[in-house]
Amino acid sequence: MADPTRANLPRLSLHVPEPKFRPGDAVDFVGVEVPPAGSAPRPDTAASPRDFTELAYTMVRVLDEDNRAVGPWDPRLSADTLRRILRHMALLRAFDERMFRAQRQGKTSFYMKATGEEAVSVAAAHALDYEDMCFPSYRQQGLLIARDWSLVDMMNQIYSNKGDRLQGKQLPIMYSAKEAGFFSISGNLTTQYPQAVGWAMASAAKGDTRISAVWCGEGSTAEGDFHSALTFATVYRAPVIMNIVNNQWAISSFSGFAGAEATTFAARAVGYGIAGLRVDGNDALAVYAATQWAAERARTNQGPTLIEHFTYRAEGHSTSDDPTQYRSAGEPTAWPLGDPIRRLKDHLIALGEWDEERHAAQDRELAEQVKAAQKEAEKNGILGHGLHQPLDTLFDGVFEEMPWHLREQQAQMMAEEAASGRPWDRK
Amino acid sequence: MSEAMTDNDVQNDTAADIAADGDTTRMNMIQAINSALDVMMARDPDVIVMGEDVGYFGGVFRATAGLQAKFGKTRVFDTPITECGIIGVAVGMGAYGLRPVPEIQFADYIYPALDQLVSEAARLRYRSAGEFTSPITVRSPFGGGIFGGQTHSQSPEGIFTHVSGVKTVIPSTPYDAKGLLIAAIEDNDPVIFFEPKRIYNGPFDGYWDRPSQNWSKHPAGEVPTGYYRVDLGKAKVVRPGEALTILAYGTMVHVCTAVVAEAGVDAEIIDLRTLVPLDIETIEASVRKTGRCMIVHEATRTSGFGAELSALVQERCFYHLEAPIERVTGFDTPYPHSLEWAYFPGPVRIGEALKKIMKDA
Ligand SMILES: Cc1ncc(C[n+]2csc(CCOP(=O)(O)OP(=O)(O)O)c2C)c(N)n1
Ligand SMILES: [Mg+2]
């Protein structure tokens, strides 16, 4: 294919990224730069994004090696607030454990955990107002938990059972909870990004006071929707907080396939003239502080902020995934930023506001709470065992009013049901 | 292609027919697709494979397993998660002279790539008067039956059959999957190659609550290990019959076969295999013979490919028809999760349509 008349010129070569470790490799994360806690400056929220571009390349960290909160980003939260954040993170983990197991027991078709990333959603929810609108990806169930949403309601959705407000229409964990300011989750990546910007633009256009926040994974930043969203956000100075959850992996593809070999994800902000922060995503105080700072910018018409949360997906992508096929089993434990729950717990202990016994007791209590919720939800049924939704709901919600062709098809389906002896209800 | 073994040489797909030309072995559809890619990459250094998770891991359905280790990272590589990027880059590589085989992880995620497929890949030959072409084959698992909810179950083939300049291919067996994929890769025009994921591991009779089957006992699970083609644009009569013609493709070929056997109707079942360009001769000959035509697909009904088939049969076989054409399809709703089996055009829906079309026979 190469042109023979140009034989004296240097040969091109194609670069294809490769992660540092594959199955069987010993892991050391010395290449991951972790700046000391407290070292990043905290600009005034009215400052121009071009005056603090370095924040897109360093890391906002609050909790230090001795479990103290240090530096200008320390949000100085009360012990009560810290304990509430800790409790929500632990509840999220307990919920994930239980629902993952429920899928393995055949009670539903699919589940996704957020293990290791609990601070990203929980601490952000605490820093936002309850009225602010969240546009999550599939891994921010922590927003619902931190907004004290009903666990039974979430489980009903996971089981597609009679209590499922979404009528069994959506894949498990693709929640929708308008009352909790939680937008309907899409299975198609990053579609929520421009939508969150649009919501924020509408709020601004109407002279409202509410802002929006949106999340996607680092892999998802490659989608065109991500870049469209940033363009709109900067052009209209939309009051939106755009979060990138950099958990290092997108199914089997490491972050290098989304551009991480060349720069940080927060640096995407720089080219758009948007405020960009790179944050220790396993440090609940840093996540809280960054969100609070970005919210203040949005509320004062300073425009959007892009926050990269540097974290690690400690478990498989979903119940359909086996990460030992493509990454070293040593990665999760070697991760240099530790575990977000343990770090906040140790901080509270260092403050003299918590202890191991209380923590263990809380874990037991939360496990019981989740178990009780599960029992309650299962009274409404589990997936595949019986017909939980009235059959004709299949046709509800295609349009506001059902056109003739759907009415005809609905009648056809009911006739099939009679002809079939309800095969799907026999189990 | 003159010395190549074509589908016509192996019309019955039996091991005995093929043995003379080379070894065969049992394969499921994933293995057959993997084998097609393997064979083509070995034959043609310009064939490259790319897509989300297809490299080291070998794809979420394992269709590209082992290829990166064998052919190297510059020929088999993971991509950023951007479907419009994947197809746009494939068009550019095709313009250079490569023969890319991009994978879209699920057909439900092909929509971000629509502009690159419709306005670019499909239009390049025409707008440049042949100066540039898009010899790309877009593989994508499609269809339902796996409790995948609305974003892992759709059948969007009708969107592509409506676009001038792309070919649309849907195999229903391991044997066809390999032969058709090889033919698609060799084709100099863009091909959408939809793989019915419900039948990756075995044929499906439409009864979700019966034990699942695998390909080991199906004649078309015996697949040549080497190179062969199943030419594009050729349908296959999978069951000859006199009473009516059933037009189907993908998973529905197997569901129809099971329903027809159970009903004891002497149906002629035609597996279209390629939707565009369509094998109209085989369809016409069959409908003229049987006088009845039933069209079955999983995709939603309105403006589905069945509508095109129905119009063609009506235009060309009107005076041979003894009953109105029947269309059996998915309902015009988004693909549901828990009510999947009420949605899916299974044995009951097909059976009712059979009774209706045979009423006055
Ligand atoms: C448009 C689209 N393309 C592909 C997929 C398949 N898919 C689901 S999750 C995923 C990986 C996403 O990784 P990342 O954005 O890093 O999020 P994480 O899972 O790590 O939270 C892919 C490729 C999809 N859901 N939607
Ligand atoms: Mg990720």
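**Notes on the predicted model: chain A and its contact with chain B**

1. Let's start inside chain A. R61(A) and D280(A) pair up through their side chains in a salt bridge, with 3.0 Å from N to O. This pair ties together distant parts of the chain: R61(A) sits in the segment before α1 (79–104) of chain A, D280(A) belongs to strand β6 (residues 275–280) of chain A, and 219 residues separate them. Do keep in mind that this is a predicted model.

2. For the wider count, searching the whole structure turns up 45 salt bridges over all chains. Of the kind that runs between chain B and chain A, the count is 2.

3. Now the overall build of chain A. You'll find 12 helices and 7 strands in it. Its radius of gyration comes to 23 Å, close to the 22 Å that the globule rule gives for 427 residues, so chain A is as compact as a globular protein of that length. The C-alpha trace of chain A spans about 75 × 70 × 55 Å along its principal axes.

4. Have a look at the N-terminal stretch too. The UniProt record (an unreviewed entry) puts "domain: 2-oxoisovalerate dehydrogenase E1 alpha subunit N-terminal" at residues 10–49 of chain A. In the model, that span is 0% helix and 0% strand, and its end C-alpha atoms are 41 Å apart.

5. On to the interface. How much area do chain B and chain A bury between them? About 4000 Å², with 63% of it on carbon and sulfur atoms. On the chain B side, Y56(B), I81(B) and H337(B) supply 17% of the area that chain B buries against chain A, more than any other three residues. The contact draws 46 residues from chain B and 51 residues from chain A.

6. As for the polar side of that interface, 14 residue pairs are in polar contact between chain B and chain A, counting those with both residues at pLDDT 80 or more. A salt bridge also joins the side chains of K73(B) and E18(A), at 3.6 Å from N to O. E18(A) lies within the residues 10–49 that UniProt annotates in chain A.

7. Which elements of chain B give two or more residues to the side that touches chain A? They are β3 (76–78), α4 (83–96), α12 (340–343) and α13 (347–357) of chain B. Sorted by class, that side of chain B holds 20 nonpolar, 14 polar and 12 charged residues.

How values were computed: Residues numbered from 1 in each chain as written. Chains lettered and ligands numbered in written order. Heavy atoms only, no water. UniProt positions renumbered as here; feature names shortened; annotations may be inferred. Helix = DSSP H or I, 4+ residues; strand = E, 2+ residues; numbered from the N terminus. Contact = heavy atoms within 4.5 Å. Buried area = accessible area lost by both parts, 1.4 Å probe. Salt bridge = Lys/Arg side-chain N within 4 Å of Asp/Glu carboxyl O. Polar contact = N/O pair within 3.5 Å; in protein donor to acceptor, adjacent residues only side chain to side chain. Nonpolar A, V, L, I, M, F, W, Y, C, P; charged D, E, K, R; others polar. Rg over C-alpha atoms; globule rule 2.2 N^0.38 Å.
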